[in-house]
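Please find below some notes on the model. They take up helix packing first and the contact between chains afterwards.

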Amino acid sequence: MPTYRPGPISLVIAAFVALFLLMPLLAVIPVSLTPSRMLAMPTGELSLRHYRTLIEDPRWIDSILLSIRIGVVSSAFSTVLALCFSLGVWMFQPRFTAALVGFVLLPMVVPPVVSAITLYFLLTSISGFSSFFGYDTWLGVAMAHSVMTVPFATVLMLVSLSQLDRRIDLAARGLGATVWERATRVIMPNIKFGIITAALLSFVLSWEEIGVTLFITSVNAITLPRLMWMGLRDNIDPAIAALSVILIIITVLVLAVRSFIVRLRAV
Amino acid sequence: MRSSLSDRTGAALLMAPLLLFLVLAYAWPFLGVVKWSFTLPTPGLGQYDALLTDDLVQSVFVRTLRIAAIVTIVSVAAAYAITLIWVRGTPAQRLIAEFCILVPFWISVLTRAFGWVALLSNRGLINTWLQAIGFISEPLTLVRNEFGVIVGMTHFLIPFAVFPLASAMRSLDDRVLLAARGLGSSRMRTFWSVFVPMTRSGIIGSALIVFVFSLGFFVTPAILGGGRSVMVAELIYLRIFQSPDWGLGAAISVVLVLFVGALMALLFRYIRPKQLV
């Protein structure tokens with residue numbers, strides 16, 4: 001229990017900051033209900049036409065399905081790679097661990113635009129050999145997203161492994177378990193929360209990835225953020241407001257459920 | 001730990017796939033980009049020479065540094081205020097603060113930039129309201145300029161600035177504050193002379209994170225700047241896709257990486273990586 005509570009001045013300043021943080025999220029709600037075809041405040045009547053567009057316009061549906069497919073594939077790929085790597089680090093503590101982990105975290109710390117031009121170089125080079133795996137293909141996007149999400153998945157795995165008691169692994173080893181048995185029957189069941197979190201985070205990061213995606217797609221692999229981007233840059237489409245409201249509601253629900261679960265586990 | 005042959009092969013087998021993947025899909029193509037910067041359009045140091053002499057490139061660098069500096073100061077100050085409540089408020093205040101920090105954090109950068117367009121554009125909420133109450137007759141230009149970029153970036157980066165500050169504030173020993181109060185220091189003085197200096201590592205960490213993020217920021221400036229307030233990342237994009245000048249785009253990327261690398265080295269001299277989370 002902190003003995004030092006913030007006073008009225010800091011409460012007022014923090015209230016302004018909180019308002020600033022929530023303002024743009026609240027602003028999209030009225031815009032999404034406008035009957036107009038353009039970005040405007042609704043005057044008088046409200047309309048759900050922009051929500052209908054999301055369900056009826058095949059462009060939106062196609063891009064949502066594509067984003068889900070890319071998210072699932074890249075999340076599975078980066079979760080498996082990150083899991084193997086982290087198990088190797090934790091079980092064997094090889095030399096140069098710090099340098100190797102640092103290398104794996106690079107895509108997370110390098111400015112995204114530099115990663116984007118790097119992946120653009122990679123995928124355009126691959127395009128020379130293969131037409132279904134390279135620039136502007138869904139597999140290419142999934143691979144690029146894996147590069148970007150794998151550092152986050154690795155961090156989460158390493159954090160959950162660092163909270164694991166080494167003695168259970170030593171016991172398994174002393175009882176004659178093989179490396180495979182130690183990994184799959186002793187360690188992995190104990191970090192399953194971390195593995196699930198890593199997979200979910202990788203999916204979410206891929207689902208909303210735009211910085212890299214812009215560089216490596218043009219007309220074929222239009223993910224949801226890419227479609228939103230096109231609608232934002234040209235003339236602003238209020239369907240984006242409707243979509244934003246839905247995404248905000250999902251986020252709030254997920255966070256509410258999560259904090260409920262955290263509270264249950266704490267009791 | 002005993003290091004038998006099977007241990008070493010086990011480690012190698014487990015760690016190799018990810019390392020191989022990143023060497024092939026990240027390190028190798030990055031070297032390709034570095035090569036572009038020296039070979040396109042003609043071999044030599046021409047692109048780096050252009051970086052030092054081209055007025056447009058120079059003005060973009062200056063603008064990027066200026067915006068990053070302003071955004072850093074505003075974001076860290078705002079984050080400090082809300083983190084104080086998140087870490088040290090009453091349980092109800094903490095819950096509200098957590099909600100206000102985490103909800104924007106998890107919402108995509110595009111949605112958040114769009115929210116600011118909806119608020120700030122000529123027919124957006126703010127201009128509509130100000131005109132409705134007769135405060136202004138012509139809409140204010142709040143977006144598609146540097147002001148919009150700074151607002152949007154600050155909004156994006158506040159949650160990132162919160163985490164290092166929160167960890168610094170959590171690890172602070174309350175007895176020091178009690179001692180200051182016991183020795184007769186006022187609440188104000190305790191805050192400015194004891195509390196703030198003791199969270200210095202958090203302030204430095206969050207300032208460097210925000211500054212580094214702002215330097216390579218792409219989406220928010222591109223949307224809220226509307227092509228008028230171009231920052232370095234958008235300049236790279238334009239050099240690759242609009243006026244194909246891959247060599248210059250690559251050279252700017254290399255300089256950006258070196259600059260950010262130097263800043264990160266500075267960051268790790270001040271705080272150990274573990275203190276950041």
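1. Helix 3 of chain A and helix 7 of chain A are oblique to each other, because their angle falls outside the ranges for roughly parallel (under 35 degrees), roughly antiparallel (over 145) and roughly perpendicular (65 to 115). The axes of helix 3 (residues 58-92) and helix 7 (residues 138-162) of chain A cross at roughly 40° and come within 6 Å. Helices here are DSSP runs (H or I, at least four residues), numbered from the N terminus; axes are lines fitted to C-alpha atoms over the stretch in contact, with angles from 0 to 180 degrees between N-to-C directions.

2. The model is predicted: local features need pLDDT of at least 70 and side-chain atom pairs pLDDT 80 or more, while totals for chains, interfaces and linings use all residues. Residues are numbered from 1 along each chain as its sequence is written, and chains are lettered from A in the order in which they are written.

3. In helix 10 (residues 192-207) of chain A, 16 residues reach 22 Å from first C-alpha to last. Among the buried residues (20 or more other C-beta atoms within 10 Å of their own, C-beta atoms being placed from the backbone) are Gly194(A), Phe203(A) and Trp207(A). The buried residues of helix 10 of chain A pack against helix 3, helix 7 and helix 9 (179-190) of chain A.

4. Between the chains, the contact (C-beta atoms within 7 Å) takes 71 residues from chain A and 68 residues from chain B. Helix 1 (residues 5-39) of chain B supplies the largest share of the chain B side, 16 residues.

Terms used. Helix = DSSP H or I, 4+ residues; strand = E, 2+ residues; numbered from the N terminus. Contact = placed C-beta atoms within 7 Å. Expected span 1.5 Å × (residues − 1). Buried ≥ 20, exposed ≤ 12 C-beta atoms within 10 Å, placed from the backbone.
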